[in-house]
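Please open the model in your viewer and keep the sequence panel beside it. The stops below each name something to select and then describe what is found there.

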Amino acid sequence: MAVCIFCTMRLITLLLIVFICVTTTAAFQITEVYPDTYLDGDADEYLVISGDGPLSSLEVTDGEGRITFPAGAISSGSITIARDGEAFHKVNGRYPDYELIGMSPSVPEPMVTGKFQMANQKDELLLKERGSIIQNLTWPGTFKPRKGQVHVLGPDGVWDERVFISGASRFTPETFTDVTGTAFVSPDCGRAVFEQAISSAHQEILVNVYEFTDPGLAGLLCQAVSRGVKVTVLLEGGPVGGISSEEQAVIATLRSAGIKVRVMAGSGEDHAPYRYDHAKYLVIDGKDLLLTTENFKEHSFPKAGFAGNRGWGVLVSSPELCSYFSKVFYSDLNGPGVTDVQGNRSEIPQYSAEAYKPVFAPLHFNASLVTPVLAPDTSDLTVSLINGTRSRLFIEEAYIKHWSHGKRNPYLESAIDAARRGVDVKILLDSYYYNIEEENDNDEIVAEITAIASREHIPIEARLLDLSGTGLLKLHAKGMVADDSILISSINWNENSPSFNREAGLIIEDRNIAGYFASVFEQDWNAYKKQPLSRETGPDLAKIGLAGMIVCMLAILYLWRHRQ
């Protein structure tokens, strides 16, 4: 009997030891790999091992070199192993947990045997624990190598669900409550809200915009400086077509007032983490955020009574939300590929446009839920919003394009799926010449959607905005009404914008503001260009009728001549 009790106690003790080991250690895995870097010699290459517990039983090898860890080394969540700690710090603004070549006195080195250095285009990493392989990565294979890309393992075990370029931010979704604000649209009332927002500043204005050519808005920022307001401006340094002479003049004006102006335009080793800085927002005194779909141009925010672009925007008040955007701003301002710019003085032509009779006034709202949408960080929130719709989905976009290599646009696919669920889906696109003159642009997208609606008998319709009917110059908005929520952002519906650009937007859950932008949408929707049916929808009856008339006339002419 005593023997049985002794055996039972030993078994319980062993089970307790196993339980403690299991609960205090977690399975290790490599979750990030950065093999092909922008720095010469790939000095900043690194890998991340995630997991909790002692590291002494781990080994990482690329077949030529081997990394192991000393007794007592422990991971609490994850560890970063870089080739050169100083090079890693230069790019990422922090030091790694370990470095391989000992350039940073404060960064410890693991034990390295052989030559461990990841190849750019083809290599292998094995992670072993107590000599057994627990993970095997290959490229190409596990992921496709790309210069400047950090390959990341997602929470669902899939690599590279989002493209991370070195130096890009990793903000996560957050929702802010009790947000008050004002909704507006251009050209009707955007200028007045913009001017009021800048004039109200007392301490600081942070400006991030793709293009800035409006001398009047620049003058308002200069006036703010004269009141003692600190103003900082971040622009895209390589917009399509380059920085125009008008923008050069605006930059020079801002600089002469003592405003710090920087551009995101890095190359080579100092490579920007985003293809374009395409966001359009201001943070004012740390409590007000003005976010819009429009660049800071005269036709984007025309003075009262003048025609301009159709754009959407909001001015919202929330210190917590502004703190979030301030972090985004300074992350970009002080990131790689950003440099100071001086500008060049030149004459700016006086803006002239046709007269326009405003229809919409600003709408004030309060106690709303607001969720920032950042590209590329959280741009997938757009698809999530579409997928959650139940009754209506109104989309007003400058343009829609399919992805490269024959991949369909996932935003458009989600909208079509919403119609298949019975959601009333309406899509309005721009009809300005450069959005309809090429193949596979807005008129083809409208025809494609029309064909799908006819073939599947689902409630989805697409139109081109009638610019002459509305008096608008072009449709530049990137907005969406989804049930009682709206999305306002700078994100275009192409592959590059949500995946590689810095973009910014807001999802606002509020029935009144959704009703406001739904009214704007319906106003624009009811003035549109009718498009010819696509080949999928059947024959063009008008053309057939015309051809028939011509044949009849030729036959009559032939008979008349024959009789003569």
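A residue is called buried when its relative accessible area is under 20%, exposed when that area is over 50%, and partly exposed in between. With that scale in mind, select Pro173, which has a relative accessible area of 49% and is therefore partly exposed. Please remember throughout that this is a predicted model.

**Around Pro173**

Pro173 sits in the loop that joins strand E11 (164–165) to strand E12. Now add Pro372 to the selection: although 199 residues separate Pro173 and Pro372 along the chain, their C-alpha atoms are 7.0 Å apart. If you show the surroundings of Pro173 and ignore neighbours within four places in sequence, the residues in contact with Pro173 are Thr378 and Leu381.

**The whole protein**

Zoom out and colour by secondary structure, and the protein shows 13 helices and 27 strands. Of its 564 residues, 52% are buried. Among contacts in the protein with a separation of 6 or more, 74% are between residues 24 or more positions apart. The protein exposes about 26,000 Å², and 55% of that area is supplied by carbon and sulfur atoms.

**The cores**

Which residues touch the most other members of the largest nonpolar core? Select Ile205, Phe212, Leu254, Tyr281, Phe325, Leu506 and Phe517, which hold that position within a core of 88 residues. Helix H12 (residues 511–525) contributes eight residues, the largest share of this core. Apart from this core lies another one, made of 34 residues, including Leu385, Ile395, Ala419 and Ile449.

Return to Leu254 and display its surroundings: beyond neighbours within four places in sequence, Leu254 is in contact with Phe212, Ala218, Leu221, Cys222, Val233, Ile259 and Val261.

**Helices H3, H4 and H5**

Next, select helix H3 (residues 190–199) together with helix H4 (residues 215–226); their axes lie 9 Å apart and the two helices pack at an angle of about 20°. Because angles under 35 degrees count as roughly parallel, H3 is roughly parallel to H4. The crossing of H3 and H4 is right-handed. To see the contact itself, show side chains for Arg191, Phe194, Glu195, Ile198 and Ser199 of H3, and for Gly216, Leu217, Leu220 and Leu221 of H4.

Keep H4 on screen and add helix H5 (residues 245–256), where the axes of H4 and H5 come within 9 Å and cross at roughly 10°. That angle makes H4 roughly parallel to H5. Here Pro215, Ala218, Leu221 and Cys222 in H4 meet Val250, Thr253 and Leu254 in H5.

**Backbone features to inspect**

Most peptide bonds are trans, and most residues other than glycine have a negative phi. The next four selections depart from that pattern, and they are best viewed with the backbone drawn as sticks.

Select Trp139 and Pro140, which are joined by a cis peptide bond with omega near -5°. Pro140 belongs to the loop between strand E9 (132–139) and strand E10 (149–152). Then move to Ser186 and Pro187, where the peptide bond is cis with omega near 5°. Pro187 lies in the loop that runs between strand E12 (176–186) and H3.

For the phi angles, go to His405, which is not a glycine and yet has a positive phi of about 60°. His405 is located in the loop between strand E21 (392–397) and helix H8 (410–420). Is His405 buried or exposed? With a relative accessibility of 78%, His405 counts as exposed. Asn440 is not a glycine either, and its phi is positive at about 60°. This residue, Asn440, is in the loop between strand E22 (424–429) and helix H9 (442–456), and its relative accessible area of 59% makes it exposed.

**Last stop: Asp97**

Finally, select Asp97, in the loop between helix H2 (85–92) and strand E6 (98–99). Asp97 is partly exposed, since its relative accessible area is 36%. Add Val107, ten residues away along the chain, and the C-alpha atoms of Asp97 and Val107 are found 6.5 Å apart. Not counting residues up to four places away in sequence, Asp97 touches Ser78, Ile79, Thr80, Val107 and Pro108.

Technical notes
Residues are numbered from 1 along each chain as its sequence is written. This is a predicted model: local features need pLDDT of at least 70, side-chain atom pairs count only at pLDDT 80 or more; totals for chains, interfaces and linings use all residues. Side-chain values use heavy atoms; hydrogens and water are left out. Helices (H or I, at least four residues) and strands (E, at least two) are DSSP runs, numbered from the N terminus. Buried means under 20% relative accessible area, exposed over 50%, partly exposed in between (1.4 Å probe, protein chains only). Contact means heavy atoms within 4.5 Å. Accessible areas come from the Shrake-Rupley method with a 1.4 Å probe; for residues, only the protein chains shown count as cover. A nonpolar core is a set of buried Ala, Val, Leu, Ile, Met, Phe, Trp, Tyr and Cys residues joined through side-chain atoms within 4.5 Å. Axes are lines fitted to C-alpha atoms, for helices over the stretch in contact, and angles run from 0 to 180 degrees between N-to-C directions. Angles under 35 degrees count as roughly parallel, over 145 as roughly antiparallel, 65 to 115 as roughly perpendicular and the rest as oblique. A crossing is left-handed if the near helix is turned anticlockwise from the far one by less than a right angle, and right-handed if clockwise.
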